[in-house]
Amino acid sequence: MSNELLPCPFCGGEGRIMTALDHHAKAMRFCTTCTSCRADMYHWVNTEAEAIAAWNRRYVCLDKNGDKVFAGDQVKCCGAEGSIVRFGCGHVLERDGTIYQILSGEIELIKEPEDDN
Ligand SMILES: [Zn+2]
């Protein structure tokens with residue numbers, strides 16, 4: 001099957017496609033979420049295939065030095081420190097329960113996550 005979801009980029013958990021009826025458009029919408037850490041896509045999309053493709057796409061995020069940063073990295077952005085927790089059209093920083101959308105180039109990498117291996 002081509003609808004296989006990759007493991008969650010943040011925790012390695014299992015992805016699951018959710019559907020919801022968009023009453024305004026009178027159409028179904030799709031979003032993939034992690035069943036373990038609840039990471040999800042930033043936007044709902046129009047087809048299941050789009051939800052799979054978006055989930056399986058691994059975004060590259062660069063800090064202000066042009067170095068790659070990854071999900072779970074501790075970063076500083078616009079004065080706020082936190083870790084990268086979501087992905088989609090933009091990377092999202094969580095700090096003290098507040099979600100910030102951040103843009104490439106604004107990010108200063110503070111600390112990479114500990115490698116368990
Ligand atoms: Zn997860």
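Me: How many bridges join E1 to E2?
Reply: Happy to start there, with the note that this is a predicted model. E1 covers residues 15–22 and E2 covers 27–34. The two strands run antiparallel, and in this pairing Ala20 of the hairpin stands opposite Arg29 in E2. The number of bridges joining E1 to E2 is eight.

Me: Which residue in the turn between E1 and E2 has a positive phi?
Reply: E1 and E2 form a hairpin with four residues between them. One residue in the loop between these strands has a phi near 50°, a positive value in a residue other than glycine. That residue of the turn is Lys26.

Me: Is Lys26 buried or exposed?
Reply: Let's count what surrounds this loop residue. Lys26 has 7 C-beta neighbours inside 10 Å. A residue with 12 or fewer falls in the exposed class, so Lys26 counts as exposed.

Me: What is the phi of Arg38, and where does this residue lie?
Reply: Arg38 is not a glycine, yet its phi is positive, at about 70°. As for its place, Arg38 sits in the loop between E2 and helix H1 (48–56).

Me: Which exposure class does Arg38 belong to?
Reply: Again the neighbours decide. Arg38 has 13 C-beta neighbours inside 10 Å. The exposed class stops at 12 and the buried class begins at 20, so Arg38 counts as partly exposed.

Me: Which strand holds Gly82, and is this residue buried or exposed?
Reply: Gly82 is part of a strand that spans residues 80–86. Gly82 has 21 C-beta neighbours inside 10 Å, and the buried class begins at 20. Gly82 therefore counts as buried, and its strand is E6.

Me: What distance separates the C-alpha atoms of Gly82 and Ile110?
Reply: Gly82, the residue we just placed in E6, is 28 residues from Ile110 along the chain. In space, their C-alpha atoms are separated by 9.3 Å.

Me: What pattern do the helix and strands follow along the sequence?
Reply: The protein chain has one helix and nine strands. The helix, H1, covers residues 48–56. Read along the sequence, the pattern is β-β-α-β-β-β-β-β-β-β.

Me: What share of the contacts with a separation of 6 or more comes from residues 24 or more positions apart?
Reply: A contact here means two C-beta atoms within 7 Å. Among the contacts in the protein chain with a separation of 6 or more, the share from residues 24 or more positions apart is 43%.

Me: What percentage of the protein chain is buried?
Reply: Gly82 is one residue that counts as buried. The protein chain has 117 residues, and the buried share is 24%.

Key. Residues numbered from 1 in each chain as written. Predicted model: local features only at pLDDT ≥ 70, side-chain atom pairs only at ≥ 80, totals over all residues. Pairing = 2+ DSSP bridges.
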